[in-house]
Structures are given as structure tokens and as C-alpha cells.
Amino acid sequence: MEGSVMAEEGGAAASSSGGVVKHILLGKFKEGISQEEIDHLIQGYANLVNHIQPMKSFTCNKGTYCCRGKDVSIENLNQGFTHVFESTFESTQGVAEYIAHPLHVEFANKLLPQLEKVLVVDYKPAAAKLAL
């Protein structure tokens, strides 16, 4: 089909635990939480990359370790989510190790009660090419 986009699978790595995995958390902080508290929580989240080996990078709304920004989309389709956090791992096994890590568990127990809404998605990026 002319003009259509097709995803290229990463071969065997895409179907196994290997290959880059993006771990996305969308959140909306509860009303009444100060920007200072939000900044502190975000810094704690960003700091996990320094302590949990499988976690390779962390970014959020306004770039690495700098998350004062909120959703800026003009489409108004955010469903109330205001913050986006993205972590990168080398495999799904790395995500599993991260989730079970005591520092992640401790941090999650601080962050999650402060969120009114949360959505987590893990995916393996696939290159797209234009089908001719």
C-alpha cells in the first residue's frame, strides 16, 4: 500500500527477552501535592538509574532528570495524565529485575500513593519504514 507504515520486527530478539525495552509510566499527581514534593519524587525516580543496573536511562516530560513540565499537547487527549516517565532496559528480563529490586519497591511505595492515576506500558521499539 502506498504511503502506509509497516513495523520491522527485530527478528528472534524481538520475540525473546532480549532487545531494548521501554518502560513508560503515565501519572497524574493527587491534588494538594506541592511542586517541591513532586520534584523530590521525580528526583528519587531518576536516581534509580544510578543504583539499579538493568535500568539504562530515565527521561521525563522535559528531558533527562528535568521534569518540571507537564503535558503540553494541543490535542487534549491526555485523559488527565500530566507526567510521563520513560526508562530504558536492555531486555524484558532487565525490566523484571528492576521491578523486583528492593530500591524500586521502596520507591514505588512512596510514589504510587501520591498518584491519582497511573498507567504503565512496556514495549519493544520497532523501526518503521514506508511501504512503497
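A pocket is here an open set of grid points with protein on both sides within 12 Å along at least five of seven lines, and its lining residues have an atom within 4 Å of a point. The exercises below concern a predicted model.

**Exercise 1. Describe the secondary structure and the overall burial of the protein chain.**

Solution.
1. Take the elements: the protein chain holds four helices and six strands.
2. Place them in order: starting at the N terminus, the succession is β-α-β-α-β-β-α-α-β-β.
3. Turn to burial: of the 132 residues in the protein chain, 30% are buried.
4. Add the surface: about 8,200 Å² is accessible, and carbon and sulfur atoms account for 56% of this area.
5. Consider the contacts with a separation of 6 or more: 80% of them are between residues 24 or more positions apart.

**Exercise 2. Determine which residues line the largest pocket, and classify them.**

Solution.
1. Begin with the volume: the largest pocket encloses about 190 Å³ of space.
2. List the lining: it consists of His40, Leu41, Gly44, Asn47, Leu48, His51, Leu103, Glu106, Phe107 and Lys110.
3. Assign the lining to elements: helix H2 (35–47) and helix H4 (102–111) are the elements that each contribute two or more residues.
4. Sort by chemical class: four lining residues are nonpolar, four are polar and two are charged.

**Exercise 3. Analyse the salt bridge between glutamate 86 and lysine 22, and state whether each partner is buried or partly exposed.**

Solution.
1. Recall the principle: side chains of opposite charge can pair when their charged atoms come close.
2. Count the pairs: four salt bridges are found in the whole structure.
3. Check the distance: in the pair of glutamate 86 and lysine 22, the closest N and O atoms are 3.3 Å apart, and the cut-off is 4 Å.
4. Locate the partners: glutamate 86 belongs to strand S4 (residues 83–91) and lysine 22 to strand S2 (residues 18–29), so the pair links distant parts of the chain, 64 residues apart.
5. Assess glutamate 86: its relative accessibility is 23%, and it therefore counts as partly exposed.
6. Assess lysine 22: this residue counts as buried because its relative accessibility is 18%, and buried means under 20%.

**Exercise 4. Examine two further salt bridges, those of glutamate 116 with lysine 28 and of glutamate 90 with lysine 56.**

Solution.
1. For glutamate 116 and lysine 28, the N to O distance is 3.5 Å.
2. Glutamate 116 lies in strand S5 (residues 115–123) and lysine 28 in strand S2; with their positions 88 residues apart, they link distant parts of the chain.
3. Glutamate 116 is partly exposed, at 44% relative accessibility.
4. For glutamate 90 and lysine 56, the N to O distance is 4.0 Å.
5. This pair also links distant parts of the chain, 34 residues apart: glutamate 90 is in strand S4, and lysine 56 is in strand S3 (residues 55–60).
6. Glutamate 90 counts as exposed because its relative accessibility is 52%, the cut-off being over 50%.
7. Lysine 56, with a relative accessible area of 36%, is partly exposed.

**Exercise 5. Establish where isoleucine 42 lies and whether it is buried or exposed.**

Solution.
1. Locate the residue: isoleucine 42 is part of helix H2.
2. Evaluate its accessibility: isoleucine 42 has a relative accessible area of 5% and is therefore buried.
3. Relate it to cysteine 60: the two residues are 18 residues apart along the chain, and 8.8 Å separates their C-alpha atoms.

Methods
Residues numbered from 1 in each chain as written. Predicted model: local features only at pLDDT ≥ 70, side-chain atom pairs only at ≥ 80, totals over all residues. Heavy atoms only, no water. 1 Å grid on protein atoms, 1.4 Å probe; cavity = no way out; pocket = protein on both sides within 12 Å on 5 of 7 lines; lining within 4 Å. Points joined across faces, edges and corners; volume = space filled by probe spheres on them. Nonpolar A, V, L, I, M, F, W, Y, C, P; charged D, E, K, R; others polar. Salt bridge = Lys/Arg side-chain N within 4 Å of Asp/Glu carboxyl O. Buried < 20%, exposed > 50% of the residue type's maximum accessible area, 1.4 Å probe, protein only. Contact = heavy atoms within 4.5 Å. Areas by Shrake-Rupley, 256 points an atom, 1.4 Å probe, with all protein chains shown as cover.
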